[in-house]
2 protein chains.
Amino acid sequence: MHKEIPYKIYLEETELPRHWLNLRAFMENKPAPLLHPQTLQPMTQEDLSEVFCVELAKQELDDTTPYIEIPEEIRNFYKMYRPAPLVRAYCLEKALDTPAKIYYKFEGNNTSGSHKLNSAIAQAYYAKKQGLKGVTTETGAGQWGTALSMACSYFGLDCKVYMVKCSYEQKPFRREVMRTYGANVTPSPSMTTNVGRKILEEFPGTTGSLGCAISEAVETATGMDGYRYVLGSVLNQVLLHQSVIGMEAKTALDKYGEKPDVIIGCAGGGSNLGGLIAPFMAEKLQGKADYRFIAVEPASCPTLTRGKYAYDYCDTGKVCPLSKMYTLGSGFIPSASHAGGLRYHGMTSTLSELYDKGLMEARAVEQTSVFEAAERFARVEGILPAPESSHAIKVAMDEAIKCKETGEAKTILFGLTGTGYFDMLSYEKFHDGKMSDYIPTEEELAKGFAGIPEISL
Amino acid sequence: MHKEIPYKIYLEETELPRHWLNLRAFMENKPAPLLHPQTLQPMTQEDLSEVFCVELAKQELDDTTPYIEIPEEIRNFYKMYRPAPLVRAYCLEKALDTPAKIYYKFEGNNTSGSHKLNSAIAQAYYAKKQGLKGVTTETGAGQWGTALSMACSYFGLDCKVYMVKCSYEQKPFRREVMRTYGANVTPSPSMTTNVGRKILEEFPGTTGSLGCAISEAVETATGMDGYRYVLGSVLNQVLLHQSVIGMEAKTALDKYGEKPDVIIGCAGGGSNLGGLIAPFMAEKLQGKADYRFIAVEPASCPTLTRGKYAYDYCDTGKVCPLSKMYTLGSGFIPSASHAGGLRYHGMTSTLSELYDKGLMEARAVEQTSVFEAAERFARVEGILPAPESSHAIKVAMDEAIKCKETGEAKTILFGLTGTGYFDMLSYEKFHDGKMSDYIPTEEELAKGFAGIPEISL
């Protein structure tokens, strides 16, 4: 194929994927099952349905169906902001003077500002279909909460959001966006739940964590009629919905005969990366093609690069099921970094298993280097990236610079998950030279590891 | 044609316009020439070149060339965010239960968050081509300043921005975006210029105005070697560059055999509206087709609906040329409304002339009704609109509701110029019921009119 590759590849609306890709169905070694927090037995659909919508509980446990149809109502919502563009980073390539070809899948072209909307609308749809009144959730950087507010507003559902306190304070305007969409936002830990009150008593000055906000949201959902809890990352169902990212990216690349050598994404809970790599990893697992995959995480919360692969609680309050995953311990509270969306102690079980089997690499990067990459990217490519997404930018640039050194014209694909419009306080700190890099000591990690339960199945 | 119309119509990169459309060339009654502020004689190219780049001065005076080629360097930058989508507002139509078809041209899909980038990159290009060191400008809501920062960063130019003080305070994060792109931002009026010091002395508590910030930026540019002043609206050259909006919209509509009955845009200085209507108005002026055009302005700054058509100063400090336009007087300082980008006392001469000749209508709307429309739009169409853009939404919704009453299936096109991510303080006031509507009294207007010079040519 010799078509000239445009700056932005937009698929037609008719090319929007009709199915999600269920990566687990392609894995010989399946991710370990979730365990019930009390009985420590594998969670059944009935167990899960107490917390999640029935249909989502089914998706959570399904590790055999390779493709799951996207309901028409969800596809119609997708059409408001999808297919999302795949961008050829011509300007960045030029600025780096690299022989590499760089592509990024841009998921920030919607009001929530990130890929989170892909799963939010699916979860809201199934909640509505089940006849629920509303849903509860947690949000870190605020992207997931905004996405869920939009989705709930679309389907007329009530939406209660627990927002990690440090993000709530760093991003006051996020709250207003959620309010515009009719959501109710509470900073976490809060006095509105038992688990919140307990954490505040134990750690009065805490800036919160995703693990803690999850506990509060679950407690609230299970204590109210007609409510269920929804989660924006980590879960199998979320990776499933996010596969739309990778499927669109692959269709767009295939159109121009392009094949990525390396695929890079930031990883907090793992939803974006899991979605981006889905169709490519499926090919790799089937022996149809080979790709390198790199998960990028903050050095301040080094789940894959320094964590343990073990069963652990998904939340600080230990009310959620246990998952076998790379973890820093559910009691690990990361420093208040500027990438709130990556401050999670664990990693989705699918990516954990793939990483453990050597099918994926991981790299930890420090935040000032991430903001340097973000600013450079913004100036040449125009888009102002979210700090989370900029972790992927940093490593994509590193790889492109390596290509310059070795003279290899590799094709790099990375996920640009969102925009940084609500992160200007972080950019301000960076501009003012007030940003510091924090790397947890071995002692701090050991303290987190001590909280990991000893479970052998 | 019976093609199914998608939610978003994206043109191919190859369909990006190759020429700007110079609306004045199609007008029998040309807009009156700019006058020199001292001599009151028509400005020559030499006069204009003291303030503007040579090429832009040429464009400013050219009212005969119908199409002007877009240089390749500008087209390449356009490719990073253009063609911009034309959206069929299926969800809004459904929510309003209207037989009308509603389309909007969305210009917020870039980091500056608005259409302003279309002219910023053109002006930066010509400044670079002329070998300048940098440019100065003013910004109201911050959209133009952000756009210019991005454009200057792309071409390696220095960028000094005077930001209207009330916007500077309402939108602190805008400053950080500009800083990310390397710009220098000063709240206006400031103590850095003679005109700023004079205004502060006379009105110590002033929240500033565009007219005043313009004076400061011009004074700074003309006082430094290698600098010129650039402006984001009002000027003929800006309307020329913005014609890319209308040309793309028309190409997209033509593809599906659609013809708008009414075209609606918000109007502060007039650049977005002038750009949106350009190819449609050109057809109307040539008798090839008929369209209704509606300019929407805030009731707090009712330039067209309550202003006078006369020669007036473009800036408060009276250092800029005079333009024949609808004006409230260069001394009129509008109330601190939440649509900073529409707080200008005048209206671009082209639109003023078209309005005066009955070729365009105008409507003034109050800001709480605008925010009601904005929130409703956000909830059904997903996009969070800027307060400025929401003026057009309000009237588009009014027109669609009228269609419901009359049963007419009209086709409505409006310009959605930008996103509201940096306007959350305004949304917060709206949510908290703290937003008020201010309409200037006849006495206040009379005071502004008293400052309009008496000039007859």
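A salt bridge here is a side-chain nitrogen of Lys or Arg within 4 Å of a carboxyl oxygen of Asp or Glu. Keep that in mind as you look through these close-ups of a predicted model.

**View 1. Salt bridges between chain B and chain A.** Count them up and you get four between the two chains. One to look for joins the side chains of E428(B) and R175(A), with an N to O distance of 3.1 Å. Polar contacts show up here too: 25 residue pairs across the interface of chain B and chain A, both partners at pLDDT 80 or more.

**View 2. The side of chain B that touches chain A.** Helix 6 (143-155), helix 8 (172-180), helix 15 (367-381) and helix 17 (424-431) of chain B each chip in at least two residues. Helix 8 gives the most, with six residues. Sort this side of chain B by residue type and you find 21 nonpolar, nine polar and 13 charged.

**View 3. How much area the two chains bury.** Each chain brings 43 residues to the contact. Together, chain B and chain A bury about 4000 Å², and carbon and sulfur atoms give 57% of that. On the chain B side, F173(B), T180(B) and Y421(B) lose the most area to chain A, together 18% of what that side buries.

**View 4. A closer look at S330(B).** You'll find S330(B) in the loop between strand 13 (322-327) and helix 14 (349-356) of chain B. Its relative accessibility is 4%, so S330(B) counts as buried, the cut-off being under 20%. Beyond its neighbours within four places in sequence, S330(B) is in contact with D312(B), Y313(B), D315(B), T316(B), K318(B) and H345(B).

Key. Residues numbered from 1 in each chain as written. Chains lettered and ligands numbered in written order. Predicted model: local features only at pLDDT ≥ 70, side-chain atom pairs only at ≥ 80, totals over all residues. Heavy atoms only, no water. Helix = DSSP H or I, 4+ residues; strand = E, 2+ residues; numbered from the N terminus. Buried < 20%, exposed > 50% of the residue type's maximum accessible area, 1.4 Å probe, protein only. Contact = heavy atoms within 4.5 Å. Buried area = accessible area lost by both parts, 1.4 Å probe. Polar contact = N/O pair within 3.5 Å; in protein donor to acceptor, adjacent residues only side chain to side chain. Nonpolar A, V, L, I, M, F, W, Y, C, P; charged D, E, K, R; others polar.
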